[in-house]
Structures are given as structure tokens and as C-alpha cells.
Amino acid sequence: MTKSPLTLYLAAPRGFCAGVDRAIKIVEMALSKWGAPVYVRHEIVHNKYVVDALRDQGAVFVEELDECPDDRPVIFSAHGVPKAVPAAAAKREMIYVDATCPLVSKVHIEAERHHANGLQMVMIGHAGHPETVGTMGQLPEGEVILVETADDVASIAPRDPNKLAFITQTTLSVDDTADVVAALNARFPAIIGPHKEDICYATTNRQEAVKAMATKTKAMLVIGAPNSSNSKRLVEVGAKAGCSYAQLVQRAADIDWRALEGIDSIGITAGASAPEVLINEVIDAFKDRYDVTEEVIETAVENVEFKVPRVLRTPA
Ligand code: SF4
């Protein structure tokens with residue numbers, strides 16, 4: 001049977017970012033330094049494939065510190081944790097390693113700096129996401145007001161509208177966040193914030209590549225987990241940029257081939273926590289069914305790398 005021709009547009013950059021790479025390395029190095037089991041509070045990064053692979057090597061994933069024994073090392077996920085978590089680990093004299101992405105830690109420091117200057121914080125983020133919980137948990141209760149949308153801005157009641165600063169989750173939609181920032185600036189002209197927002201380079205670059213890809217094709221698959229914030233944003237960005245079909249898939253088995261019937265091109269990208277092996281699996285699945293021509297849509301070149309914490313760079 002002859003295969004139909006299909007152009008596969010591959011977004012670049014896509015997939016793993018420096019923070020995810022570092023977090024996974026931290027778990028692997030902790031396992032080799034201290035042996036199994038090593039406990040990890042929350043999924044180290046939001047990807048089942050990655051978590052399962054580390055579990056096979058001896059990592060034990062838990063949601064709360066209370067589930068860890070005192071005498072085994074514990075790692076905090078890339079999303080960051082409220083201040084109370086490392087404090088509780090220190091009190092129990094546990095060995096702990098913080099895999100919080102340095103770009104998330106930067107936002108924590110920003111929040112603390114503004115708080116020390118007497119400002120109340122507004123955080124633009126998604127309620128309940130571990131990064132939002134972790135960042136809000138850097139300051140005492142009530143010091144961070146969460147807003148998710150531009151509409152939310154109208155209903156918040158800060159202590160003093162002239163003493164406000166804002167921070168954001170790192171994995172938001174760049175365009176949607178600009179609307180929320182504009183609403184904050186309009187209602188609170190004295191509000192202080194970062195130059196634009198705190199969205200990280202990896203999130204920004206992946207969204208830019210998706211927008212460029214959407215000028216070439218109307219169908220797009222984003223490889224990522226349903227609980228991955230930056231992956232879900234890529235689907236939204238693709239749809240907003242004109243893809244009438246923009247879908248999140250965890251791996252090749254999730255592809256709805258029926259929905260793709262009749263297409264002659266499709267864009268592929270992946271969230272920052274999706275490993276290359278799953279991206280290749282999806283590409284191979286297309287090659288099995290179509291006569292594929294690949295075209296890379298490159299909008300940025302990334303060469304960011306983060307060091308692992310010193311405790312892992314020294315022998316046990
Ligand atoms: S998406 Fe951005 S903030 Fe999150 S781990 Fe990657 S580099 Fe860090």
C-alpha cells in the first residue's frame with residue numbers, strides 16, 4: 001500500500017528545558033550517591049514516563065514530607081516547595097536536596113525582596129499548581145494574592161493599592177499574562193513588577209516556535225502530560241494561533257488517527273518535561289503511516305544549563 005505524503009513540522013526548541021534536565025539529574029545522582037530508596041516529594045517533573053523510569057531505579061514518589069522516613073534522603077521537585085517544607089525536613093534532621101528550578105527560585109527571591117520592602121504581592125498563576133503553592137508559600141499567609149485571569153484583577157482587595165508588587169508562575173501563556181499584567185497596571189498604577197513577567201526562557205521559546213509552526217499547518221500535537229502547565233499552554237497557544245486541531249498526547253498510543261484523516265501536514269512540539277524518546281516515538285508512528293517529509297521550524301537556539309547542588313557534586 002502506498003503511503004500518503006505528509007509534512008511533519010518539528011518545533012525547535014521543544015521538550016526538555018534546563019530545569020527539568022537538572023531535576024532528573026538530581027534524582028539520578030542522589031540514587032547513585034545514597035542508594036535506593038531516595039524519596040521525592042511530588043513528581044520530580046510532570047511526566048509519567050520520567051517518573052516511572054526513576055521509580056524503576058529506586059525513587060519513591062510521595063506527596064507530603066510526612067510520608068518519608070527520617071533516615072532516607074528526600075528531594076523536592078522542580079516546581080518548588082513552600083518554605084515550611086525544607087524547614088520541617090531540617091527539623092527532622094533529614095538529608096534533603098532541593099531540585100527547584102533556579103528560575104523558580106529567582107521568583108521566590110523576588111517575592112521575598114518585595115515583602116521585605118513592605119509590599120504585598122499579587123501572583124499571576126494557576127490555583128493549586130505546585131509551583132504556585134510553592135511560591136505563595138515563601139511568604140506568610142495573606143501576603144500573596146492569587147489572580148488567574150485579567151477579570152480576577154477587578155475583584156481583589158489588597159491592603160494598600162499603592163504598596164503592591166506582582167510575580168508570575170514561570171510556565172504561563174505569554175500573551176494571556178500580558179493581558180493580566182495590563183489589567184494590574186491599569187487598576188494599580190503604582191504596582192511594581194519584573195520588566196515583563198517571570199515566564200521562563202523555555203516556556204517563551206516553546207510558545208514562539210508553536211506560533212511560527214501555526215503559520216505552516218492547521219494541525220498540531222503537543223507531547224506532554226495532562227498535569228504539565230507549560231504543555232497545556234502550548235496547546236492553547238497553538239489553537240489561538242490558528243490550529244483548528246491542537247491536541248495534547250502523552251505518547252504515540254494516544255494519537256487519534258481518525259481525527260487526523262485527510263491531513264497533509266502536522267506540527268509536533270513537546271512540553272518542557274517531555275523526554276525526547278517520546279517525541280521520537282510519535283515521529284516514528286507518523287513515519288509508519290505516512291510518507292513523511294520533516295521540516296524543522298527553529299525560532300531559538302537554547303544553551304542554558306544549570307549546575308546540580310554542591311552536595312551531589314561531592315562523594316558520599
Ligand atoms: S519550564 Fe522553565 S521554570 Fe520550569 S523547570 Fe523548565 S526552565 Fe525551569
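**Stop 1: the ligand shell.** Select the ligand and the residues near it (a heavy atom within 4 Å of the molecule). You should get C17, G19, V20, C101, L103, V104, T170, T171, C200, Y201 and A272. The model is predicted: local features need pLDDT of at least 70, side-chain atom pairs count only at pLDDT 80 or more, and totals for chains, interfaces and linings use all residues. Residues are numbered from 1 along each chain as its sequence is written, and side-chain values use heavy atoms, with hydrogens and water left out.

Color the shell by class. There are 8 nonpolar, 3 polar and no charged residues. Here Ala, Val, Leu, Ile, Met, Phe, Trp, Tyr, Cys and Pro count as nonpolar, Asp, Glu, Lys and Arg as charged, and the others, Gly among them, as polar. Now show the cartoon. Helix 1 (18-34) and helix 4 (102-116) each supply at least two shell residues. Helices (H or I, at least four residues) and strands (E, at least two) are DSSP runs, numbered from the N terminus.

**Stop 2: the cavity.** The ligand takes up the space of the largest cavity. A cavity is a set of points, on a 1 Å grid over the protein atoms alone, where a 1.4 Å probe fits but cannot get out; lining residues have an atom within 4 Å of a point. A molecule sits in one if more than half of its atoms lie within 2 Å of its grid points.

Next, select H46, H79, H129, T170, S228, S229, N230 and S273. UniProt lists them under "binding site" in an unreviewed entry. The lining of the largest cavity takes in H46, H79, H129, T170, S228, S229, N230 and S273 from this set. UniProt positions are given in the numbering used here, feature names are shortened, and annotations may be inferred rather than shown by experiment.

**Stop 3: E131.** UniProt's unreviewed entry places "active site" here. E131 lies in helix 5 (residues 130-136). Is E131 buried or exposed? E131 is buried, because its relative accessible area is 3%. Buried means under 20%, exposed over 50%, partly exposed in between (1.4 Å probe, protein chains only). Show its contacts (heavy atoms within 4.5 Å). Leaving out residues up to four places away in sequence, E131 touches H79, V104, T168, Q169, T170 and T171.

**Stop 4: H46.** Go to the loop between strand 2 (38-41) and helix 2 (48-56). H46 is buried at 5% relative accessible area. With residues up to four places away in sequence not counted, H46 touches H79, H129, P130, A225, N227, S228 and S273.

**Stop 5: backbone exceptions.** Most residues other than glycine have a negative phi, and most peptide bonds are trans. Select H42, in the loop between strand 2 and helix 2. H42 is not a glycine, yet its phi is positive, about 75°. H42 is buried, at 14%. Then select E93, between helix 3 (84-91) and strand 5 (96-98). Its phi is about 55°, again positive in a non-glycine. E93 is exposed, at 72%.

Which residues does a cis peptide bond join? A12 and P13 are one such pair, with omega about 5°. P13 sits in the loop between strand 1 (4-12) and helix 1. A36 and P37 are also joined by a cis bond, with omega about -5°. P37 is in the loop between helix 1 and strand 2.

**Stop 6: I297.** Finish in strand 12 (residues 290-298). I297 is buried, at 8% relative accessibility. Draw a distance to A11: the C-alpha atoms are separated by 5.0 Å, though 286 residues apart along the chain. Not counting residues up to four places away in sequence, I297 touches Y9, L10, A11, A12, A209, A212, M213 and K216.

Methods:
1 Å grid on protein atoms, 1.4 Å probe; cavity = no way out; pocket = protein on both sides within 12 Å on 5 of 7 lines; lining within 4 Å.
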